[in-house]
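Student: Could we go through the salt bridges in this one together? I'd like to see the reasoning, not just the answers.

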Amino acid sequence: MIEIEQAREVVLDSVVKIESEIVDITSSLNRILACDIYSDIDLPTFNNSAMDGYAVISSEIKEASCDQPIRLEVIGEIPAGYTYSGKLMNGKALKIMTGAPIPEGADTIVPIEYTKEEGALVKVFRGVKEKENIRQKGEDVARGELVITKGKKLSPVDIGMLAALNLRNVSVAKLPNVSILSTGDEVVDIGEELSSGKIRDINSYSLYANVIKYGGMPKSLGIAKDNKDALFKSIEKGLNSDMLLISGGVSVGDYDFVKELLIEKGVSIKFWKVAIKPGKPVLFGVKGNTLVFGLPGNPISTLVTFREFVLPAMCKMQGRLGKPITEQYAVLERDISISPGRRHYIMGRICYRGGRYFTKPVGIQSSGALNSMLQSNCLIIVPEDTPRIISGEKVLVQLLDE
Ligand code: AMP
Ligand code: MG
């Protein structure tokens, strides 16, 4: 049995980076950027008005007040999208809309709220400082600036920026192909008869969803019975993928054949059994560039080991920067005791009250208790060497609604 950090390092050391592909930016949400994006333009590209108002010369309206407004002659109008070709002279104003280019000669914009039209004139009731309400060329992004860093998961804001930079396409990491195999004579699919002793296949579906959620291309290989022939064939199919996730059959039961068959198929087993609860019998192996994970079959064990081992591998494969899981310290509200030696992940709830985070366990802590996980919004992490944490102490939690 090895420690979690050591096991994760073994997984990460085995990851081979996936290729990149070019996609239309409308299909790039949540994809991992494969190259740095530099701007070859200034943003804004020209000085423009931040307000609807009047382009004027600031020194001329310095003394303006409600009692003694300054009157200027309005010589024209600049809607957004049009440029005024002349120059603004003393005593004049140009009506201007938000986003329109600042005309030559003007050095400030008086918001419309500080003015009143009077025939061909405008009365200005307040002075406005030089450069006020003007968005300067390059103030947001300077030409040559690094704007989005390689490895970032693209957000709607990033995609907006790509559009601003006139980029219709973007280079992103390919989505890893992830095959998912459930095992067990007792496991039956949705819609099939649930005869005595049988259970529904949960893991195929929760893993499928997790793969989509974290940027993979899932493929379900269905359910393999606990016999060597059936498992052998399914494993063979899955070894063509970037990753193969097998749930169940990796423990020490008489019908747990996964490890043996993986070895027979030429998979080099890198570890089996990690100091974690739930999920101790988790297995990891490699064949060529394919990463193979044997996840213990209990649904909570499957989900926890996915987060701890599969997810970091998926991220590294795509060159994703930053942690995909958010961690947070919280004050424990109920004592927790564990048998030390393994890091425990306790299903719990975290809430924010009076400026602090509080957390406590939720429901029964069985590795099969899916409903406890459903009602949780965090996993409370109890370190390997800590048999007891007392209410009031600080604990680290992983947020589940990330
Ligand atoms: P195993 O890891 O094969 O020993 O399975 C451990 C427990 O998880 C057993 O109670 C299995 O019935 C259950 N289990 C295994 N595979 C699945 C699955 N795909 N969906 C739901 N439960 C499962
Ligand atoms: Mg089994």
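Here is a short round of questions and answers on salt bridges in this predicted model.

Student: How many salt bridges does a search of the whole structure find?
Tutor: What counts here is a Lys or Arg side-chain nitrogen within 4 Å of a carboxyl oxygen of Asp or Glu. Searching the whole structure on that basis, the tally is 17.

Student: Which strands do Lys95 and Glu117 lie in?
Tutor: Their side chains meet in a salt bridge, N to O at 2.9 Å. The partners are 22 residues apart in sequence, so the pair ties together separate parts: Lys95 sits in strand β6 and Glu117 in strand β8.

Student: Is Lys95 buried or exposed?
Tutor: Its partner Glu117 is partly exposed at 48%. For Lys95 the relative accessibility is 18%, and the cut-off for the lowest class is under 20%. That makes Lys95 buried.

Student: Where is Glu236, the partner of Lys265?
Tutor: The two side chains form a salt bridge at 2.7 Å, N to O. Lys265 is in the loop between α5 and β18, and 29 residues separate the pair, which links distant parts of the chain. Glu236 itself is in helix α4.

Student: What is the N to O distance between Lys323 and Glu327?
Tutor: Lys323 is exposed at 66%, while Glu327 is partly exposed at 34%. Their side chains meet in a salt bridge, and the limit for one is 4 Å. The N to O distance is 3.7 Å.

Student: Which residues do salt bridges with shared partners join into one network?
Tutor: Look for bridges that have a partner in common. Following those gives one network of Glu5, Arg8, Glu308, Arg343 and Glu384.

Note on methods:
Residues numbered from 1 in each chain as written. Chains lettered and ligands numbered in written order. Predicted model: local features only at pLDDT ≥ 70, side-chain atom pairs only at ≥ 80, totals over all residues. Heavy atoms only, no water. Helix = DSSP H or I, 4+ residues; strand = E, 2+ residues; numbered from the N terminus. Buried < 20%, exposed > 50% of the residue type's maximum accessible area, 1.4 Å probe, protein only.
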